[in-house]
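Here's a quick tour of the pockets in a protein model, plus a few odd spots in its backbone. Have the 3D view open so you can click along.

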Amino acid sequence: MTRVNYHLHSTYSVDGKGTMDAMCAAAVRAGFTEICFTEHLDFDRGDKDYGFFDDRAYSAGIAEARARCAGRLTVRKGLEFDFRRAYGTEVGEVLAPMEFDFVLGSVHAAAGYPIYRLPDGVPADLDVRELLAEYFAEVEALAGSGWCHAIGHFDYVYKQLPALVAPRRDAWYWREVERILRLCIGGGVAIEVNSRHLLDRGLGLAADGEILARYRALGGRLLTAGTDAHRPSDIADGFAEAEKAIREAGFTAVTGYERGRPYDVPLDA
Ligand SMILES: [Zn+2]
Ligand SMILES: [Zn+2]
């Protein structure tokens, strides 16, 4: 069985708790044959990540990891950039001179809410519909930006608040989701299946099985899978569940990337 993990952070991300070496060793132990580091690149000047990303050091780290893992593990150089429409053209300008195998674009905040913090405490006055509408508006802009190969953890609001969002998956919700999925399909943008904190914190898979089935029905074929692990012990968390959802939605392969070029990785190769 093929096991490729396209969402991992090492100490080249400010919140990474494992060195690249330790993450690679854990990946080999967990049976992965190919991994892609997706270190954070942040544009929010108030965020602790701002200015931390160092492409030169990261590139050197990737070269060392490739040499160490040769013949055992394929190591891709990827990125996860934080997206907000408010950042304007800065994202594209910063990305332009850098080279990656794979670039993941992720929306982590919308309508003034840091979505990543919501599982720790939902504000009493949170308007879930408004948050979803603003989140979808951000993702729509991201999908049309031309800056990423894949949309990270779509829908992130559902992932972080599955119990609150599940009952709101009404006709409006699916219209919004399918509009963005069509935009991704038309633009050759993949969607990601992200299993972070699925098991240890009960968060949702994103994209989950329902979104995957609709994506496939609309003609979507580009799909990446990752655990979003930030420490070696989390390297495979939720990966089996992600793979199950991918298979149940009818996919027989996931997508890998080399220098931006997508290729099929059959699930049963
Ligand atoms: Zn993320
Ligand atoms: Zn991540």
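Sort the lining of the largest pocket by class and you get 18 charged, nine polar and six nonpolar residues. Keep in mind that you're looking at a predicted model. The space inside this largest pocket comes to about 760 Å³, and 33 residues line it.

**The largest pocket**

- Want to find its middle? Asp15, Lys48, Tyr116, Tyr156 and Arg196 are the lining residues closest to the centre of the largest pocket.
- Two strands and a helix are worth colouring here: strand S2 (34-41), strand S3 (74-82) and helix H5 (156-160) each give at least two residues to the lining of the largest pocket.

**The second largest pocket**

- Next up is the second largest pocket, with a volume of about 260 Å³.
- Which element gives the largest share of the lining of the second largest pocket? That's H2, with four residues.
- Helix H2 covers 55-69, and both H2 and S3 supply at least two residues each to this lining.
- So S3 turns up twice on the tour: S3 is listed for the largest pocket and also for the second largest pocket.
- Try picking out some of the residues that line the second largest pocket, including Ser59, Ile62, Arg76, Phe100 and Glu258.
- By class, the lining of the second largest pocket has seven charged residues, four nonpolar ones and one polar one.

**The loop between S7 and H5**

- Both His153 and Asp155 sit in the loop between strand S7 (150-151) and H5.
- His153 isn't a glycine, yet it has a positive phi of about 30°.
- Is His153 buried or exposed? His153 counts as buried because its relative accessibility is 1%, and the cut-off for buried is under 20%.
- A little further along this loop, the peptide bond from Phe154 to Asp155 is cis, with omega near 5°.

**Other backbone oddities**

- There's a cis peptide bond from Ala206 to Ala207 as well, and its omega is near 0°.
- Where is Ala207? Look in the loop between strand S8 (190-194) and helix H8 (209-217).
- Asp228 also has a positive phi without being a glycine, with a value near 60°.
- You'll find Asp228 in the loop between strand S9 (223-226) and helix H9 (239-248).
- With a relative accessible area of 6%, Asp228 is buried too.

How values were computed: Residues are numbered from 1 along each chain as its sequence is written. Chains are lettered from A and ligands numbered from 1 in the order in which they are written. This is a predicted model: local features need pLDDT of at least 70, side-chain atom pairs count only at pLDDT 80 or more; totals for chains, interfaces and linings use all residues. Side-chain values use heavy atoms; hydrogens and water are left out. On a 1 Å grid over the protein atoms alone, a cavity is a set of points where a 1.4 Å probe fits but cannot get out, and a pocket is an open set with protein on both sides within 12 Å along at least five of seven lines; lining residues have an atom within 4 Å of a point. Grid points are joined across faces, edges and corners, and a volume is the space filled by probe spheres set on the points. Ala, Val, Leu, Ile, Met, Phe, Trp, Tyr, Cys and Pro count as nonpolar, Asp, Glu, Lys and Arg as charged, and the others, Gly among them, as polar. Buried means under 20% relative accessible area, exposed over 50%, partly exposed in between (1.4 Å probe, protein chains only).
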